[in-house]
Amino acid sequence: MKRLLKSFVTISALSSVVVAPIFLSAGEASAFPRPAQNGTDASYVGGGISAGVTNGGQAGDAATFGGNATGRLKLGDTPLSARGTVTFGDQTSAIIPHVSADVGIAKNTNAYVGVGYQFVESNGKPTPTGNKDGVAVVAGVESEVAKNFLIYSNATVGVNAYKNSPASAVGINSGVGIRFK
């Protein structure tokens with residue numbers, strides 16, 4: 001029951017971060033084009049592949065291939081974003097809400113670094129970012145490649161993310177996003 005409640009709370013929080021902006025931006029005027037800028041201010045949701053590239057050295061620590069669902073909510077005119085990623089393999093998933101600092105590095109392209117916390121649905125079962133709860137550090141890049149479409153890629157480091165091992169886990173996520181704001 002405790003694990004079910006933990007899952008419900010984290011999924012609800014992640015869903016709120018992704019869905020709320022859709023309703024809040026419904027009344028915004030779009031008659032004026034956005035000025036040219038370095039970087040992108042897109043808030044988006046997307047999905048793609050995820051691959052663990054490390055092994056904690058114990059049973060259940062194997063590098064895992066799977067998928068990811070991700071979202072970004074640009075926080076006003078600040079260089080910050082609220083983000084959420086769910087990585088999953090064939091046995092369980094990890095929910096990773098995090099906050100990032102974003103830097104425009106080219107037209108419609110950002111680099112970002114962030115920190116958050118990883119909640120593994122079934123501790124001890126492998127995900128692309130480890131097999132237990134812990135701090136997560138994320139670094140990545142995102143680029144708006146067509147009207148309302150982005151591509152993204154990031155590396156997520158789960159700090160001390162293996163049960164019965166002091167090792168950190170590294171997972172690589174890539175995918176396509178659809179802009180909603």
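This is a short selection tour of one predicted protein model.

Residue numbers start at 1 along each chain as its sequence is written. The model is predicted, so local features need pLDDT of at least 70, side-chain atom pairs count only at pLDDT 80 or more, totals for chains, interfaces and linings use all residues, and side-chain values use heavy atoms, with hydrogens and water left out.

**Stop 1: the whole chain**

Colour by secondary structure. The protein chain has 1 helix and 8 strands. Helices (H or I, at least four residues) and strands (E, at least two) are DSSP runs, numbered from the N terminus. Their order from the N terminus is α-β-β-β-β-β-β-β-β.

Now switch on the surface. About 9200 Å² of the protein chain is exposed, and carbon and sulfur atoms supply 67% of that area. Accessible areas come from the Shrake-Rupley method with a 1.4 Å probe; for residues, only the protein chains shown count as cover.

Of the 181 residues in the protein chain, 43% are buried. Buried means under 20% relative accessible area, exposed over 50%, and partly exposed in between (1.4 Å probe, protein chains only).

Contacts (heavy atoms within 4.5 Å) give another view of the fold. Among those in the protein chain with a separation of 6 or more, 55% join residues 24 or more positions apart.

**Stop 2: R83 and its partners**

Show charged side chains. The structure holds 6 salt bridges. A salt bridge is a side-chain nitrogen of Lys or Arg within 4 Å of a carboxyl oxygen of Asp or Glu.

Select R83 and D102. Their side chains meet in a salt bridge, at 3.2 Å from N to O. R83 lies in strand β3 (residues 80-88) and D102 in strand β4 (residues 93-106), so this pair ties together parts 19 residues apart in sequence. R83 and D102 are both buried.

Keep R83 and add E142. These two form a salt bridge as well, with the closest N and O atoms 3.0 Å apart. E142 sits in strand β6 (residues 134-146) and R83 in strand β3, so the pair links distant parts of the chain, 59 residues apart. E142 counts as buried because its relative accessibility is 1%. R83, at 5%, also counts as buried.

Add R72 to the selection. R72, R83, D102 and E142 are linked in a network of salt bridges.

**Stop 3: T85, also in β3**

Stay in strand β3 and pick T85. T85 is buried, with a relative accessible area of 4%. Which side chain does the side chain of T85 meet in a polar contact? The partner is the side chain of T70, at 3.1 Å. A polar contact is a pair of N or O atoms within 3.5 Å; within protein, one must be able to donate a hydrogen and the other to accept it, and residues adjacent in sequence count only if both atoms are side-chain atoms.

**Stop 4: D41 and R179**

Select D41 and R179. They form a salt bridge, with the closest N and O atoms 2.9 Å apart. D41 is in the loop between α1 (2-24) and β1 (44-52), while R179 is in strand β8 (residues 169-179). The pair links distant parts of the chain, 138 residues apart. Burial of the two partners: D41 is partly exposed at 27% relative accessibility, and R179 is buried at 12%.

**Stop 5: G130**

Finish at G130, in the loop between β5 (109-120) and β6. G130 counts as buried because its relative accessibility is 1%. Not counting residues up to four places away in sequence, G130 touches Q118, V120, K125, A161, Y162 and A169. Then measure from G130 to V159: C-alpha to C-alpha, they are 8.9 Å apart in space and 29 residues apart in sequence.
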